[in-house]
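Here's a quick briefing to read with the structure open beside you. Take the bullets one topic at a time and find each spot as you go.

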Amino acid sequence: MTFLDALAFLFPVPCAGCGAEGRALCGACVPALAPDLRMLDVPGVGRVASGLRYDGVARRALLALKEDGATTLAARLAVPFAAAVSAALAPGALLVPVPSSRAARRRRGYEPVRVLAGRAGILPTALFLPAAPRGVQKGLDVAARARNLDGALALARPVSGLRVVLLDDVLTTGSTLAAAAAVLRAGGADVLGGAVLADTPRRHGVSSVTPSFIP
């Protein structure tokens, strides 16, 4: 019996993927978090690499990390996240996370993208101030999401001449990444694209492209 097996026996927790009692992620659910790389063309951003589809076990595990404080899941989720970042990375580019809102950061006590980056051995560069208060994005269409983000993002320092790859946890419509890209470009940065842990199966305005440089 391994140490983790012993902990699961003494202190069983429901699996984030299927609910079975044992570990935070059971052995049957682990394969669902294997990297499933694809490249997406996101309006206002460019090419964005995604490590997983945001459904099933992947969706439930990421929600547990974001909303239930299950940061132990970051070690597993960091693997597809790192694969996406590796696919999107360009020479001389800074990896820049899109910031959480102040309210979300206070509620969680951490930023999911930074936790994932840390577990993946990635050193992100903070170019944004914490996001200003905004309404909930869930359930909004593309236009409404864009309006909701208007003025929410601001730069923390000059960015002129910097090459940037944006990082986020989930890509839905691409509005958040596009808003971040617009602010960076207005400041003189060159946004080369992005990388996300997962993308939703139903995306509006986002198309897949041939992943010619994904190994």
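**How sure is the model?**

This is a predicted model, and the protein's pLDDT averages 85, with 80% of the residues scoring at least 70. Keep that in mind while we go through the overall build, the paired strands, one helix and one threonine.

- Residues 1-11 are the stretch to treat with care, as pLDDT stays under 50 there. The model has eight contacts beyond four places in sequence for residues 1-11.
- Where pLDDT is low, don't read the predicted coordinates in detail.

**The overall build**

- You'll find seven helices and eight strands in this protein.
- The protein has 215 residues, and 47% of them are buried.
- Take the contacts between residues at least 6 apart in sequence: 73% of them join residues at least 24 apart.
- The accessible surface adds up to about 10,400 Å², and carbon and sulfur atoms account for 58% of that.

**Strand 4 and its partners**

- Strand 4 (residues 46-53) pairs with strand 3 (residues 38-42) in the antiparallel sense, over five bridges.
- Look across that pair and you'll see Leu 40 opposite Val 48 of strand 4.
- Strands 3 and 4 form a hairpin with three residues between the strands, and Gly 44 in this hairpin has a positive phi near 85°.
- Strand 4 also pairs with strand 7 (residues 190-199), this time in the parallel sense and over five bridges.
- Val 48 turns up here too, standing opposite Gly 194 in strand 7.

**Helix 5 and what covers it**

- Helix 5 runs over residues 112-119, and its buried residues include Pro 112, Val 113, Val 115, Leu 116 and Ala 117.
- What covers them? Part of the cover comes from other helices, including helix 2 (56-67), helix 3 (74-88) and helix 4 (102-108).
- Strands help as well, among them strand 5 (94-97), strand 6 (163-171) and strand 7.
- After helix 5 comes Gly 121, with a positive phi near 75°.

**A threonine in a loop**

- Thr 200 sits in the loop between strand 7 and strand 8 (207-209).
- Is Thr 200 buried or exposed? Its relative accessible area is 11%, and buried means under 20%, so Thr 200 counts as buried.
- Which residues does Thr 200 touch? Leaving out residues up to four places away in sequence, Thr 200 touches Tyr 54, Val 170, Leu 171 and Thr 172.

Note on methods. Residues are numbered from 1 along each chain as its sequence is written. This is a predicted model: local features need pLDDT of at least 70, side-chain atom pairs count only at pLDDT 80 or more; totals for chains, interfaces and linings use all residues. Side-chain values use heavy atoms; hydrogens and water are left out. pLDDT is the predictor's confidence in each residue, from 0 to 100. Contact means heavy atoms within 4.5 Å. Helices (H or I, at least four residues) and strands (E, at least two) are DSSP runs, numbered from the N terminus. Buried means under 20% relative accessible area, exposed over 50%, partly exposed in between (1.4 Å probe, protein chains only). Accessible areas come from the Shrake-Rupley method with a 1.4 Å probe; for residues, only the protein chains shown count as cover. Two strands pair if DSSP finds at least two bridges between them.
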